[in-house]
Amino acid sequence: MRLWPTIVDTLLGGLLVFCNATAAEFSLPSDTAGTNARTFAAKGVVEELNPDNQTVVIRHGAISNYMAAMTMPFKVKTSKELAGVRAGDEVLFLLHVTDTESWIDQIVKIGTVPMAEKAKPSNSQPAQVQVAPAKNPLLDYKFTNELGQAVSLNDFRGLALAITFFYTRCPLPEYCPRLSKNFQEASQKLESMAGAPVNWHFLSISFDPEFDTPVMLKAYGESYQYDPAHWSFLTGPPDKIAGLARGSGVSYESDNGTINHNFRTLIIDAAGHLQTVFPTGGNLSGQIVAEIIKAAAATNQPMAQN
């Protein structure tokens with residue numbers, strides 16, 4: 001049974017650091033009041049910026065009532081917001097967060113700090129999804145779901161699977177919350193669709209097992225109105241999660257309460273073959289539905305021989 005054939009994709013790089021500061025939440029102008037938007041003042045140090053891509057990586061202090069100190073890539077509405085900004089600049093800025101997106105603006109330089117030289121990775125080649133052998137022990141390993149039950153991937157034989165990796169503390173809506181929103185929307189569409197298959201299941205696997213206990217995962221799932229009959233949240237020992245992530249082409253690294261990671265949503269057909277990999281974030285719910293319908297129909301197809 002092959003779950004992970006070899007696939008090469010460019011991974012999203014992780015950036016790590018820390019900074020101590022505090023921030024306060026601000027009220028929003030009336031033109032954003034209908035979007036459940038919040039605005040926070042923050043302070044941090046610019047690590048990297050990409051004006052063409054309209055993103056900047058900032059290691060910021062704790063943002064009161066929102067998130068702990070960490071390093072995050074932030075979006076700006078226009079590249080003009082980054083005019084004159086350089087790596088090493090200590091800045092004040094406003095972070096705006098809605099249900100679906102986040103961005104920063106009003107970036108003000110207040111100083112400069114020395115930048116530590118970053119170590120170069122020993123291998124600059126993109127990571128690869130490893131071929132899982134037919135008897136890969138991780139397929140039978142009992143992870144723990146949000147209900148405290150022992151669950152293995154082989155328990156889902158005969159079902160079309162959508163698998164992704166996340167962590168519940170991820171603060172920005174475009175990242176892990178968007179992955180979970182994809183599963184929420186896709187599951188609701190499948191459950192309400194006339195003639196839709198029933199042999200499918202979604203797996204959200206946490207790479208933050210120390211924090212993401214079954215109790216935490218259950219509360220998180222309930223915030224997305226999850227149906228445990230079709231959607232499970234898994235945790236387990238860090239080494240087992242790491243092995244499963246590597247086999248799925250997921251790269252992640254933790255530091256200071258945040259986890260830098262790339263995106264992977266895998267679709268496994270009901271015969272156990274890897275059908276599709278989505279290596280991006282964003283709204284994929286419609287595509288997931290289409291792939292699950294296709295994958296669920298593969299139940300009676302012969303499995304590939306190793």
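**Aromatic contacts and sheet architecture**

F207 is a buried residue, because its relative accessibility of 5% falls under the 20% that marks the limit for buried positions. The model in which this residue is described is a predicted one. Across the structure, 16 aromatic pairs are found. One of them joins F207 and Y252, whose rings are stacked, with 4.8 Å from centre to centre and 25° between the planes. This pair links distant parts of the chain, since F207 belongs to the loop between β10 and α2, whereas Y252 belongs to strand β12 (residues 252–255), and the two are 45 residues apart. In contrast to buried F207, Y252 counts as partly exposed, with a relative accessibility of 28%.

A further aromatic pair is formed by Y220 and Y224, which is tilted, the ring centres lying 5.1 Å apart and the planes meeting at 50°. Both Y220 and Y224 are buried. These two tyrosines also belong to one aromatic cluster, whose other members are F166, F183, W200, F202, Y226, W231 and F233. Aromatic rings are also approached by charged side chains: the charged end of K77 sits over the ring of W103 at 4.2 Å from its centre, and R169 lies over the face of F211, likewise at 4.2 Å from the ring centre.

Turning to the strands, an open sheet is built from 7 strands in the order β8-β7-β11-β10-β9-β14-β15, with mixed pairing. Its edges are formed by β8 (150–151) and β15 (274–278), each of which pairs on one side only. Strands in a sheet are paired through backbone hydrogen bonds, in either a parallel or an antiparallel arrangement. Within this sheet, strand β7 (residues 143–145) and strand β11 (residues 231–235) are antiparallel and share 2 bridges, and N145 is placed opposite L234 of β11. Helix α2, which comprises residues 214–223, lies across β7, β9 (160–166), β10 (200–206) and β11, and its direction makes an angle of about 150° with that of β11.

Strand β14 (residues 265–268) is covered on both of its faces, as T265 and I267 on one side and L266 and I268 on the other are all buried. This strand has pairing partners on either side in the sheet order, between β9 and β15. With β9, the pairing of β14 is antiparallel over 4 bridges, and T164 has T265 of β14 as its bridge partner. With β15, the pairing is again antiparallel and again extends over 4 bridges, and here I268 is matched with L274 of β15. The two strands β14 and β15 form a hairpin in which 5 residues lie between them, and G272 in the turn adopts a positive phi of about 95°.

The cysteines were examined for sulfur bonding, and the number of disulfides is 0. What keeps C170 and C176 from being counted as a disulfide? The sulfur of C170 has its closest cysteine sulfur in C176, at 3.6 Å, and this is too far for a bond, because a disulfide requires two cysteine sulfur atoms within 2.5 Å. From the side of C176, the closest cysteine sulfur is that of C170, at the stated 3.6 Å. Both positions are nevertheless enclosed, C170 being buried at 8% relative accessibility and C176 being buried at 0%.

How values were computed:
Residues numbered from 1 in each chain as written. Predicted model: local features only at pLDDT ≥ 70, side-chain atom pairs only at ≥ 80, totals over all residues. Heavy atoms only, no water. Pairing = 2+ DSSP bridges. Contact = heavy atoms within 4.5 Å. Axes fitted to C-alpha atoms, helices over the stretch in contact; angles between N-to-C directions. Buried < 20%, exposed > 50% of the residue type's maximum accessible area, 1.4 Å probe, protein only. Phe/Tyr/Trp six-rings, centres within 6.5 Å; stacked < 30°, edge-to-face > 60°. Lys NZ or Arg CZ within 6 Å of the ring centre and 35° of its normal.
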